[in-house]
Amino acid sequence: MKEESHRRSFIRRVGASLAALSMWPGPSSAAQAAPDESWLQGLTGKHKQLFDVAAAKDGRPLGRVMNFLDAYREAYGLKDSDINAIFGIHGAGLPTALNDALWAKYELGKRIGEPDPGTGEPATRNPWARGGPSSVAVLQSRGVRFIVCMRSVRRFSGELAGKNGDAETIRVEILANLLPGVAPVPAMIVAVNRAHEAGLSYAYLG
């Protein structure tokens with residue numbers, strides 16, 4: 001009787017252990033779920049900087065990054081390739097990363113109070129996407145990398161959807177209409193941490 005009791009107790013312990021193991025995803029699943037961090041790869045510049053951008057502010061954050069590159073060139077004689085700059089977009093800065101199609105469809109100029117520089121009317125296109133010396137496209141050509149916070153995308157999707165819209169459909173639409181070369185990251189606060197661990201200094205541009 002005592003031996004039978006021990007046998008049943010052993011079987012119960014083994015069963016519980018197997019059940020617990022079946023619920024653990026294991027290292028292979030965790031590795032497959034890891035976010036794409038190619039935006040952190042190949043940063044070989046002498047100076048490395050992450051810019052934390054939470055507002056569009058008439059494109060002024062873009063201008064400050066241009067000044068960052070220009071000052072290193074003029075005062076230190078460094079080339080753009082000697083500098084690594086990452087422009088991290090989240091919060092109210094999100095329209096900076098969106099293409100003209102979304103600006104027109106969701107009237108983003110009216111929404112954020114951004115006038116078209118040519119007409120003075122609410123912008124129906126992204127005024128910072130290309131063209132000027134501090135545009136996204138020009139800064140990318142100088143080596144600046146752009147990342148955007150997925151949590152901000154999700155929150156903005158809900159705002160655009162309102163009470164009756166489909167926030168998930170809009171979220172997918174936003175991701176499909178990011179400006180070329182803009183990389184999504186899980187959360188800006190995590191990107192800041194990852195950048196710090198990779199040796200980048202930090203600047204908050206508001």
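In this predicted model, E107 is partly exposed, with a relative accessible area of 48%. This value falls short of the exposed class, because exposed requires over 50%. E107 sits in the loop that runs between α4 (100-105) and α5 (108-112). Its backbone stands out in one respect: phi of E107 is near 50 degrees, a positive value in a residue other than glycine. Most residues other than glycine have a negative phi.

K57 repeats this pattern in another loop. Phi of K57 is likewise positive, near 50 degrees, and K57 is not a glycine. The residue is placed in the loop between β1 and α3. Its relative accessible area is 40%, so K57 also ranks as partly exposed.

The two elements that flank the K57 loop, β1 and α3, are also joined by aromatic rings. F51 lies in strand β1 (residues 47-55) and F68 in helix α3 (residues 60-76), so their pair ties together parts that are 17 residues apart in sequence. The geometry of the F51 and F68 pair is edge-to-face. The ring centres are 5.1 Å apart, and the planes meet at 80 degrees. F51 has a relative accessibility of 5% and therefore counts as buried. F68 is buried too, with a relative accessible area of 17%.

F68 has a further aromatic partner, Y72. This pair is again edge-to-face, with 5.4 Å from centre to centre and 85 degrees between the planes. Both F68 and Y72 belong to helix α3. They are four residues apart, about one turn of the helix. Y72 is buried, as is F68. Ring pairs extend the group to a cluster of F51, F68, Y72 and Y76. In total, the structure holds five aromatic pairs.

Nonpolar packing was examined next. In soluble globular proteins, nonpolar side chains tend to be buried together. The largest nonpolar core here has 39 residues. Within this core, F146 and I174 touch the most other members. Many elements contribute: β1, α3, β2 (83-92), α4, α6 (136-141), β3 (145-149), α7 and α8 (167-176) each supply at least two residues. Helix α3 gives the most, with six residues.

The surroundings of F146 show how far its contacts reach along the sequence. With neighbours within four places in sequence set aside, F146 is in contact with L62, F87 and I89. It also contacts V136, L139 and Q140, together with G181, V182 and A183. A second core is separate from the largest one and has 13 residues. Among them are W39, L40, L43 and I147.

A polar residue is also found out of reach of the surface. S152 lies in helix α7 (residues 150-161). Its relative accessibility is 3%, so S152 counts as buried. The side chain of S152 reaches the backbone nitrogen of G91, at 2.8 Å. Apart from neighbours within four places in sequence, S152 is in contact with H90, G91 and L94. G91 thus appears both as the polar partner of S152 and among its contacts.

Notes: Residues are numbered from 1 along each chain as its sequence is written. This is a predicted model: local features need pLDDT of at least 70, side-chain atom pairs count only at pLDDT 80 or more; totals for chains, interfaces and linings use all residues. Side-chain values use heavy atoms; hydrogens and water are left out. Rings of Phe, Tyr and Trp (its six-membered ring) pair if their centres lie within 6.5 Å; planes under 30 degrees apart count as stacked, over 60 as edge-to-face and the rest as tilted. Buried means under 20% relative accessible area, exposed over 50%, partly exposed in between (1.4 Å probe, protein chains only). A polar contact is a pair of N or O atoms within 3.5 Å; within protein, one must be able to donate a hydrogen and the other to accept it, and residues adjacent in sequence count only if both atoms are side-chain atoms. Contact means heavy atoms within 4.5 Å. A nonpolar core is a set of buried Ala, Val, Leu, Ile, Met, Phe, Trp, Tyr and Cys residues joined through side-chain atoms within 4.5 Å.
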